[in-house]
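Got the model open in your viewer? Grab the selection tool and follow along, one stop at a time.

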Amino acid sequence: VPGGAAGVPGGAAGVPGGAAGVPGGAPGIPGGAPGVPVGAAGVPGGAAGVPAGGPGFVPPTGGDAEFVPPPPAFVPKGNLNEFRPDQIAGLEPDDFKGFQSEQMRELPPDAMGGFDATRVKNLAPEAMAGMDAGRFGALPPEAMAGFRGDQFGNLPPEAMAGMDAQRFEQLPEDAFGGFKPEQMRELPPELMGGFDATRVKNLAPEAMAGMDAGRFGALPPEAMAGFKGDQFGNLPPAAMAAMDAERFGQLPTDAFGGFQPDQLKKLPVDLMGEFSPKELGNLPPEAMSGFNPRRFGALPPAAMKGFKPDQFEVLPPSVFEAMRPEMFDQLPPDAFGGFQPDQLKKLPVDLMGEFSPNELGNLPPEAMGGFDPRRFGALPPVAMTGRSSEQFAVLPPSVFEAMRPEMFDQLPPDAFGGFQPDQLKKLPVDLMGEFSP
């Protein structure tokens, strides 16, 4: 072909006017780098596959992806330690947002009178660390309404000494969510009477650790209705010493789910009689270790209806010495599924006659190790009808010495499938004649 190399006019390698088979461009694309016009590495106008930006950058589209830079630190005009209330009132919203804790410490206490709720609300949370009792107490009461939880939590504990009833009343619900235990310990006890159920409910669970017996006992009874389980569990055990019947009666059912064993140990014994079945049933299993014979024995018989197997199995064995017939009779059948051998060993012998077939049948096989000849022999004959072969197989051989004819005759046929050689050796010889085909 005339006018070109390799058989094509006017071009290299078979294509006119271009290199490597494409006119006017590098390999394969006109006017651009490998494969893409006017751009590097596959994307026009940008690096490494992303338009107009660096690797992987995606331009903001609004919402969570939008970055709002923090306001610059506040730069005062003049000396902060000479500021007056009217100068505070004249500051712009962004000035408050840029306030630093060390700047707050420079403000004279009387300048705090220039704050209102909006100005407080605009303060950066970290600025609160510079507010001592004098400055906090100099804030106008109406300014308290501007506090948010994240701001309140940054207040130094000693600032609480500047709190009074008028200021406390103005705090919004959100502020209580920021309370810290160290702040609660410094809050004047006389202000506890300002709490209601809503304010208690809004407190952070960790704040409860700062509530001693004096402060807890100063809460109005109606405030108890605000307690949640995760809050109650954080109360110091010593605070329980201030619980009385009126306050106990106001606790919501959910609060009992937070009880800890050390709290139960400090609860006045006379309050045990206030437990209802629902309240007892809501106690977490780990709280059971807080019971001792005196506290357990003070529970009302009706409360026994609330026991669940996972609670029953972790009760200290010693408490069973305090079990009375009227309490035993109120236990729900499934509670017996939690019985442990060491508990059965402590159960008064005269209560063995209270077992029904259903209750005896609900005992877990491992509980059988708690029977001795005296306890086994005290069981009512009719209770034998509840025996299973799994239970029978693990009864201590010695108890068979106490088997009486009227008990033997009540055994269900499948119970005999659990007989073990050492048990049969202990069975009274005169009972051998009771065997049926």
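Select arginine 199 to begin: at 14% relative accessibility it counts as buried, where buried means under 20% relative accessible area, exposed means over 50%, and partly exposed is in between (1.4 Å probe, protein chains only). Now add aspartate 196, which is partly exposed at 30%. Arginine 199 and aspartate 196 form a salt bridge, with the closest N and O atoms 3.8 Å apart; the term stands for a side-chain nitrogen of Lys or Arg within 4 Å of a carboxyl oxygen of Asp or Glu.

A word on what you are looking at: this is a predicted model, in which local features need pLDDT of at least 70 and side-chain atom pairs count only at pLDDT 80 or more, while totals for chains, interfaces and linings use all residues. Residues are numbered from 1 along each chain as its sequence is written, and side-chain values use heavy atoms, with hydrogens and water left out.

**More charged pairs**

Side chains of opposite charge can pair when their charged atoms come close. How many salt bridges are there by this rule? The count comes to 18. For another one, pick aspartate 150 and arginine 148, whose closest N and O atoms are 3.2 Å apart. Aspartate 150 is partly exposed at 44% relative accessibility, and arginine 148 is partly exposed at 23%.

Next, go to aspartate 372 and arginine 375, which meet in a salt bridge at 3.1 Å, N to O. Aspartate 372 is partly exposed, at 27%, whereas arginine 375 is buried, at 11%. Before moving on, hop back and add Glu169 to your opening selection: salt bridges that share partners join Glu169, Asp196 and Arg199 into one network.

**Staying with arginine 375**

Zoom in on arginine 375 in helix 21 (residues 373-377); helices here are DSSP runs (H or I, at least four residues) and strands are runs of E (at least two), numbered from the N terminus. The side chain of arginine 375 reaches the backbone oxygen of leucine 347 at 2.9 Å. That is a polar contact, meaning a pair of N or O atoms within 3.5 Å; within protein, one must be able to donate a hydrogen and the other to accept it, and residues adjacent in sequence count only if both atoms are side-chain atoms.

Show the surroundings too. Leaving aside neighbours within four places in sequence, arginine 375 is in contact (heavy atoms within 4.5 Å) with Leu344, Lys345, Lys346, Leu347, Val349, Met352 and Gly370. Then draw a C-alpha to C-alpha line to valine 399: the two are 24 residues apart in sequence and 8.3 Å apart in space.

**Two glutamines**

Is glutamine 391 buried or exposed? Select it in helix 22 (residues 389-393): at 1% relative accessibility, glutamine 391 counts as buried. A polar atom of the glutamine 391 side chain lies 2.9 Å from the backbone oxygen of leucine 363. Among the residues that glutamine 391 touches are Leu360, Asn362, Pro365 and Met368.

Now try glutamine 311, found in helix 17 (residues 309-312) and buried at 0%. What does the side chain of glutamine 311 reach at 2.9 Å? The backbone nitrogen of lysine 308. Residues touching glutamine 311 include Leu280, Asn282, Pro285 and Met288.

**Rings**

Colour the aromatics. There are 37 aromatic pairs, counting rings of Phe, Tyr and Trp (its six-membered ring) with centres within 6.5 Å; planes under 30 degrees apart count as stacked, over 60 as edge-to-face and the rest as tilted. Phenylalanine 176 and phenylalanine 195 have ring centres 5.7 Å apart and planes at 65°, so this pair is edge-to-face. The pair links distant parts of the chain, with phenylalanine 176 in helix 8 (residues 173-176) and phenylalanine 195 in the loop between helix 9 (181-186) and helix 10 (197-202). Phenylalanine 176 is buried at 0%, and phenylalanine 195 is buried at 2%.

Compare phenylalanine 400 and phenylalanine 419, a tilted pair: 5.5 Å centre to centre, 45° between the planes. Both are buried.

For a last selection, take Phe291, Phe296, Phe307, Phe312, Phe320, Phe328, Phe336, Phe339 and Phe355, which ring pairs link into a cluster.

**Zoom out**

Back at full view, the chain has 24 helices and 2 strands, and buried residues make up 44% of its 437 residues.
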